[in-house]
Amino acid sequence: MRRQCRRGKEKRGWSGPRHGPRPHRRAGRGPRAASLEREEAQTPVTAGPSSSGDPSSSSSVQNSVVPELPGFYYDSEKNRYFRLLPGHNNYNPLTKDSIQYKAMECKRLRLLEEEEKQMKKTTRAGLNSSVLLQKRQLGLLSSTSYCRLVHELKVNCMQRRKIEIHSPDSSVAGTNNFKIIVADVACERIFTVSDVEHGGCKYGIINLSGLGKESLTVEMYDNLYFTNRKVNSVCWASLTHPDSHVLLCLMGIAETPGCASLLPASLFSSTNPGDRPGMLCSFKISTAWSCAWCLNPQADNCFSTGLTRRVLVTNVVTGHRQTFGTSSDVLAQQFATQTPVLYNGCRSGEIFSIDVRQRNRKGQSWKATRLFHGSAVTSIHLMEAEHYLMAADMAGKIKLWDLRTTKCVKQYKGHHNEYAILPLHVNEEEGLLTAVGQDCYTRIWSLQDAHLLRTIPSPHPSSKDAIPSVVFSSRLGGSQGVPGLLMAVKQDLYHFSYI
């Protein structure tokens, strides 16, 4: 009888994922009961019919929605539930986060292996150079469609190559982790914010002039300044000439208030320190989430900072300030170039515009265009003609808005975000949209039809401290530069060329 009872406990399980576990308790538990419980904890629970010999069956089970059972986790490879053992008596305790991380890491390594073996296939059926050329010659494709599809084909054929970073200070190169990279308008330089080993952030500028088809070498110039405060936002500023300065928003810490610092780019050049012209200034402000520089002549030498429930517009030369109260924190900003209008994205999901020529008003009657997302807006990008605006939020949604009708005209699916402030990168010349998700995957879409063209895994293991920062341009290094994608992650810089 005891042997049959024990066999019954060993075979206890579920034939399908819809049945829950049946707890079995006794008032008194002796050594025999404890032994039976340990055996039961290691017994797998079947989630459905075994499909070890049928790959298609296994994939269908994995793709289906498997219910979660309290105290158990589901192994998609073995198609079974396993009990989560308590952490205090297990050397390697299983947790939901560790299981998810293991699955994500396996997926990342598999995608990297496929890319290295050039097994990556184009996302569109029949998209290859010979077919496109034949259709173009037969008049089946317009010149616009042909150029767009060629760019898509190049994106799918991009291969990762590591860039060698040279620095005048050899002790600096390769010791800091990249957090933010921002390219100037000409894509000749990249401003970098890096984490230093002893804490805080350090700034630098990478000169891309040495980046060519044959050479993958760039020069990096650091400065002696570093801060122990977090850098929330960065943008280039044209004060004395185009992209002459860099504007940074720093968070306050302890008794030190936040500030907006304007650094001349010449601070990072390799010339003599005595020959470095420019203006170095700092404006004390409360916590700033975002910043933007105005290029319209009607609001010359002005920049904006998005604060907690207000927008602050400052003239660098005169020091004059305008304050606009809002009902939510402003996480993203961009100025229009044709008119002195500032677009703002808020934590509440609202997007609104401000004409900075008007004076301060009580209330919020000064708001012009108003758009609404269902989650906090983390990034906005005004398209070149300034009739459309691209916006991303913390729910992972990317939408293209028509500013004339205030309606969403397109949505780009596949982006992943939960709480991070992540930028958008739009290249209208190539017709591409690029965004890095919180899952550390870089995704590229077609601007025209919102089709997801490629998903690029990170070369490093995924973590919240290793989210890649990217720059996409048709001319990396200037007018004679090479096209492609730059990716900075950890201490490394990579180039994806689509020549």
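In what order do the four strands of the open sheet stand, and is their pairing parallel or antiparallel? In this predicted model, the order is β14-β15-β16-β17, with antiparallel pairing. The edge positions belong to β14 (290-293) and β17 (321-325); each has a single partner strand, so one side of each lacks a neighbour in the sheet. On average, neighbouring strands are turned by 15° against each other, direction ignored. Between β16 (residues 310-315) and β17 there are five bridges in the antiparallel sense, and Arg 310 stands opposite Gly 325 in β17.

The largest nonpolar core is made of 19 residues. Met 158, Ile 444, Ile 456 and Phe 496 have the most contacts inside this core. The strands below each supply at least two of its residues.

| Strand | Residues |
|---|---|
| β27 | 432-436 |
| β29 | 452-456 |
| β30 | 469-476 |
| β31 | 482-489 |
| β32 | 492-497 |

The largest share, three residues, comes from β31. Leaving aside residues up to four places away in sequence, Ile 444 touches ten residues named here: Val 155, Met 158, Leu 432, Leu 433, Thr 434, His 451, Leu 452, Leu 453, Arg 454 and Ile 456.

Helix α6 (residues 143-156) has 14 residues, which at 1.5 Å a residue should span 20 Å; the end C-alpha atoms are 20 Å apart, in agreement with this. Buried in α6 are Ser 145, Arg 148, Leu 149, His 151, Glu 152, Leu 153, Val 155 and Asn 156. Their cover includes α5 (129-137), β27, β28 (442-446) and β29.

How values were computed. Residues are numbered from 1 along each chain as its sequence is written. This is a predicted model: local features need pLDDT of at least 70, side-chain atom pairs count only at pLDDT 80 or more; totals for chains, interfaces and linings use all residues. Side-chain values use heavy atoms; hydrogens and water are left out. A nonpolar core is a set of buried Ala, Val, Leu, Ile, Met, Phe, Trp, Tyr and Cys residues joined through side-chain atoms within 4.5 Å. Buried means under 20% relative accessible area, exposed over 50%, partly exposed in between (1.4 Å probe, protein chains only). Contact means heavy atoms within 4.5 Å. The expected span of a helix is 1.5 Å times one less than its number of residues. Two strands pair if DSSP finds at least two bridges between them. Axes are lines fitted to C-alpha atoms, for helices over the stretch in contact, and angles run from 0 to 180 degrees between N-to-C directions.
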